[in-house]
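Subject: Handover of a structure

Dear colleague,

I am passing on to you the structure shown below, together with an account of what was found in it. Please read the notes with the sequence and the model at hand.

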Amino acid sequence: MKKIKKVILLLLVVVFAISFSNCASNDNFNDSPKITVSGEASAVVENGILSVTHSDDVVVTDITVDGSRIWLTDNKYDLSNSATANKIKIHTAEKTDFSDVKSIYSVLLSVFDSDTNSYSVTWHTNELFSSKVVLESSNNPNSVEITPYCDEGNGDYVNRAVFYDLDYAAEYTYKIVDSNNDTIYSSSFKTYDNNSNELTFMHISDTQDEEYNGEIWSKLMSDAYSHTDELDFIVHTGDMVQYGGDEEQWKKMLGNVSDYVSSVPTMLTSGNHSYWSDYTKGQSSIEYNHTTVNLPEQNTKKGIYYSFDAGDVHFAVLSSGDSESDGVGRKQREWLKTDLASTDKKWKIVAIHNPLYSPGKYGSSKDRNKVALSQQKKLGEIFNEYSVDLVLEGHDHSFALTKPMNENNEPTNCEMITKTINNNQAEVFIKPSAPIYLMSAAGGNQNREVVDTYEPSWFVEAQSIPDNNAGYSIIKVSPNKLTATFYEYNYSNNSTTSTFTWSIEK
């Protein structure tokens, strides 16, 4: 009997050891996934690294791991960047000579995935484009090559490349190279310093206009850099262009700010001019076709939603395009709850286009504020439950700053003091217990006034924007303080006409 027990115990030890070994070797990836290749290519997985080779006559057009698209770096991909790796699909196509493609447009740099410190670049071409992206680092003398993909867009082609696992606080240069190895575009960027205790970003919105097409936004960017040495990224809360489905407008808009948005990560929020049929010209997935971020599973036709981190700040970017009467839909709200519950960051900031609280017509006019009222109830409860600190809004083209607003649409009691910050008198919220809502006017020439029916008790400040003026905010976040300054800028005489500084102290 004792011998039988010893044998059983020995077998259990062996089984446990094998199981532990398998768990350790298969953490985050599978060393023997099923690989399907369409076209002339071969692939192998060794030690969790996928390697792909192909003839000179073809290009890789897409690779997915368990249904999620991935990008190759020097023809390799680290499967530990994927949650699992059971099924890999590789697609190729015959290479065509595209030597006549010498220009690209609508270039945008974004944070692809903050968990792996991965960035992306998205650009457009008029023709199907065979290319590669060469990435060089100040920390490494050796460059790497990224395999981009070229997809059909809204009447043209969308090209995407992702740079995985970058160093923090490092300077990078990327070059987009055609099939003849000629560089046709280059830019540089600096990754966020994850050891820094401060984060600085710009909030801008509603740059849309058909008269200037980004010229005003470019002036605002120049003005912003006169007030801060560095921007870690830009948060744009929707309505990049007047007609979201018109690629010529995107081309002009992003072309006029290309020096900025190709080198400063720019995080897009879907606006109504990309999901209201009056402006889409029959197109869909408009923000999806202009940025490359690691999206949760979703339908992108009427906007995108996602989240990312920087330092001790968590950002959730929402799309209010799910419903023209209710805004953010149930599936997105459930994702938001899970997203906010899963972060341990000290600061939580949400970006959304259609406002919850605004002194403009879409927030305070009874014939226009149906979405705002719906979102006040459905999103307001979530924002308060999960301790959101700040909500960045757009859509109403005015400047507004609310008091902390609870889930019952009421301003909460909060100690407020006045301080001098950077030579400006600032309104300071001391340990607010509810979210504060900020609207930073329009970044184009479509300025608007506040309406007579807005509720003054909700707001610390509400300002109409006069003719020839536009606006933006610069927001700095440190461990225990968030400080923002709104700049109203006269683009006809290139001068700052007014500022408003405020702060949250935890």
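I begin with the largest cavity, whose lining residues divide into three nonpolar, three polar and one charged. These residues are Tyr275, Trp276, Ser320, Ser323, Glu324, Asn354 and Val371. The space inside the largest cavity comes to about 40 Å³, and the count of cavities of 30 Å³ or more is one.

Please bear in mind that this is a predicted model. The average pLDDT of the protein is 92, and 92% of the residues score at least 70. Residues 1–28, however, have a pLDDT below 50, and this stretch makes six contacts in the model beyond near neighbours in sequence.

Pockets

The largest pocket holds about 1,100 Å³ of space. It is lined by 36 residues, and those closest to its centre are Ser68, Phe112, Asn294, Leu295 and Pro296. Several elements each supply at least two residues of this lining: β5 (68–69), β8 (105–113), β19 (306–310) and α6 (330–342). Among the contributors, β19 provides the largest share, with four residues. By class, the lining of the largest pocket consists of 14 nonpolar, 14 polar and eight charged residues.

The second largest pocket has a volume of about 620 Å³. Its lining comprises 29 residues, and His54, Val59, Lys95, Ser130 and Ser131 lie nearest its centre. At least two lining residues come from each of β4 (58–65), β7 (87–94), β10 (131–137), β11, β12 and β14. Strand β4 gives the most to this lining, namely four residues. The classes here are 12 nonpolar, 10 polar and seven charged residues.

Strands and sheet

Some of the strands just named also belong to an open sheet. In what order do the four strands of this sheet lie? The order is β11-β10-β14-β15, and the pairing is antiparallel. At the edges are β11 (140–146) and β15 (183–190), each of which pairs on one side only. Neighbouring strands of the sheet are turned against each other by 20° on average, with direction ignored. As general background, the strands of a sheet pair through backbone hydrogen bonds, in either a parallel or an antiparallel manner.

Within this sheet, strand β14 (residues 171–178) pairs with β15 in the antiparallel sense over seven bridges. One place to look at is tyrosine 172, which stands opposite phenylalanine 189 in β15. Strand β14 therefore appears twice in this account: β14 pairs with the edge strand β15, and β14 supplies at least two residues of the lining of the second largest pocket.

A hairpin is formed by β12 and β13, with four residues between the strands. Strand β12 (residues 149–152) and strand β13 (residues 157–163) pair in the antiparallel sense over four bridges. Tyrosine 149 has arginine 160 in β13 as its bridge partner. Which residue of this hairpin takes a positive phi? That residue is glycine 155, with a phi near 95°. Strand β12 is also one of the elements that supply at least two residues of the lining of the second largest pocket.

With kind regards

Definitions and conventions. Residues are numbered from 1 along each chain as its sequence is written. This is a predicted model: local features need pLDDT of at least 70, side-chain atom pairs count only at pLDDT 80 or more; totals for chains, interfaces and linings use all residues. Side-chain values use heavy atoms; hydrogens and water are left out. Two strands pair if DSSP finds at least two bridges between them. Axes are lines fitted to C-alpha atoms, for helices over the stretch in contact, and angles run from 0 to 180 degrees between N-to-C directions. On a 1 Å grid over the protein atoms alone, a cavity is a set of points where a 1.4 Å probe fits but cannot get out, and a pocket is an open set with protein on both sides within 12 Å along at least five of seven lines; lining residues have an atom within 4 Å of a point. Grid points are joined across faces, edges and corners, and a volume is the space filled by probe spheres set on the points. Ala, Val, Leu, Ile, Met, Phe, Trp, Tyr, Cys and Pro count as nonpolar, Asp, Glu, Lys and Arg as charged, and the others, Gly among them, as polar. pLDDT is the predictor's confidence in each residue, from 0 to 100. Contact means heavy atoms within 4.5 Å.
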